[in-house]
Amino acid sequence: MTKLRAAITGIHGYAPPYVLSNKEIEKLVDTSDEWIMTRTGIRERRIQKGEGLATSDMAVEAVNSLLQKTGTRPEEIELVICATVTPDMVYPATANIVSDKCGMTNAFSFDLNAACSGFIYALTTGSKYIESGSYKKVVVIGADKMSSIVDYTDRQTCVIFGDGCGAVMLEPTTDDFGIMDSIMRTDGSGRIHLHQKAGGSLRPASHETIERKEHFVYQEGQAVFKFAVTRMADVSAEIMERNKLTADDISWLVPHQANLRIIDATGKRMGIPPEKVMINIDKYGNTTNGTIPLCLWEWEKQLKKGDNIIVAAFGGGFTWGSIWIKWAYDS
Ligand code: UT7
């Protein structure tokens, strides 16, 4: 029997218009443009401003444009997966809200939380529904309004994160394109280094949790850095080795945009030259689930049918992984 694969047949991103520059951050906390640029590679990030706007509103922008550019009616979508750590509310799922707002009335939908690796977990999950033969049109979203959980008096975290999102369309193909392989990993013991202390069932919201600022991102940067740098590089090398891919076979590396130094280390470990590495951390910072689809969207016009792309991520949990995609269309 011919193998069904899931091909990405369209991509669209959205970043809110407000630009929060390093210069502006210098006015909020004791930091400098020079420190942020050298330690992270970030120059500016986007922030979703405006009363009543949430993660779903950014996702709606990306999904509506995706539907339009792929010529898809919203009712044709059968499944929507939204990877996010900043859902509009604890429940229902943001994917449900996006489905409603976009008119994807025939889809079942759910959120997936794997922190910064959420988009690649969701892409892998969505591809399995396609490969099963039961689903023909799946939308996978990576979206985060990180500004809603960042403490703008904490210089260790507020310089890093930004808001943004992207969405892809997955459809079946019997050709040798699409999601070719993936490796996903988790190590829950890493949760001590990167988490949000309150707001869950362990520490429900209270006056005390708010006073202690426990609803913001807590990150031990150096510890996370150490794991990220080895895990992301190792898993990317592993997916190449097990598929007998050499650096020459790879057209693009799409790394999660957490820190330019982590990105550089991953590229070096894989033997991929810098010009083949997608980098937009300077413009958007770390948008958590938004980083990878935002890269693919920005580079879409340069992608060619048959391009071998390695996508890699590392994030809270810890979670990490890598996907080999054979790009399915010329833009
Ligand atoms: O996406 C999810 C996964 N997350 C990651 O992959 C993030 C991984 N971690 C990192 O990217 C880096 O650890 C950070 C960017 C968060 C921090 O960079 P670092 O080079 O590890 O800095 P550090 O935490 O070791 O701090 C070095 C110094 C400290 O001062 P002392 O103790 O040496 O005097 C910090 O207090 O830099 C200080 N510092 C700052 N100085 C100016 C920390 N943040 C800032 C800041 N501006 N914003």
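Colleague: Which backbone atom lies 3.0 Å from a nitrogen atom of the ligand?
Modeller: This is a predicted model. A polar contact needs a pair of N or O atoms within 3.5 Å. A nitrogen atom of the ligand meets that with a partner at 3.0 Å, and the partner is a polar backbone atom of Gly221.

Colleague: How much of the ligand's exposed area does the protein bury?
Modeller: Start with the ligand taken alone. It then exposes 950 Å². Of that area, the protein buries 76%.

Colleague: Which residue has a polar side-chain atom 2.7 Å from an oxygen atom of the ligand?
Modeller: Five residues come nearest to the ligand, among them Gln222 and Asn259. The side chain with a polar atom 2.7 Å from a ligand oxygen belongs to Asn259.

Colleague: What kind of ligand atom lies 2.7 Å from the side chain of Thr31?
Modeller: Thr31 is listed with Arg39 and Asn286 among the residues that come nearest to the ligand. The atom on the Thr31 side is a polar side-chain atom. Its partner in the ligand, 2.7 Å away, is a nitrogen atom.

Colleague: Where does the space taken by the ligand rank among the pockets?
Modeller: The ligand has 23 residues around it. The space it takes is a pocket, and its rank by size is second largest.

Colleague: Which helix gives the largest share of the shell around the ligand?
Modeller: Four elements give two or more residues to the shell. They are helix 2 (33–40), helix 6 (155–158), helix 8 (221–242) and helix 9 (260–270). The largest share is 5 residues, and it comes from helix 8.

Colleague: How many residues of the shell around the ligand are charged?
Modeller: Sort the shell by class. There are 10 nonpolar and 9 polar residues. The charged residues number 4.

Colleague: Which domains each give at least three residues to the shell around the ligand?
Modeller: Look at both parts of the chain. One contributor spans 5–177 and the other spans 180–326. Each gives at least three residues, and they are domain 1 and domain 2.

Colleague: What is omega for the peptide bond from Gly317 to Phe318?
Modeller: Most peptide bonds are trans. Phe318 lies in the loop between strand 12 (308–315) and strand 13 (319–326). The bond from Gly317 to Phe318 is cis, with omega near -10°.

Colleague: What is phi of Ala115?
Modeller: Most residues other than glycine have a negative phi. Ala115 sits in the loop between strand 5 (108–112) and helix 5 (118–131). Its phi is positive, near 50°.

Key
Residues numbered from 1 in each chain as written. Predicted model: local features only at pLDDT ≥ 70, side-chain atom pairs only at ≥ 80, totals over all residues. Heavy atoms only, no water. Near = heavy atom within 4 Å. Polar contact = N/O pair within 3.5 Å; in protein donor to acceptor, adjacent residues only side chain to side chain. Areas by Shrake-Rupley, 256 points an atom, 1.4 Å probe, with all protein chains shown as cover. 1 Å grid on protein atoms, 1.4 Å probe; cavity = no way out; pocket = protein on both sides within 12 Å on 5 of 7 lines; lining within 4 Å. Sits in = over half its atoms within 2 Å of the grid points. Nonpolar A, V, L, I, M, F, W, Y, C, P; charged D, E, K, R; others polar. Domains from an automatic or database assignment.
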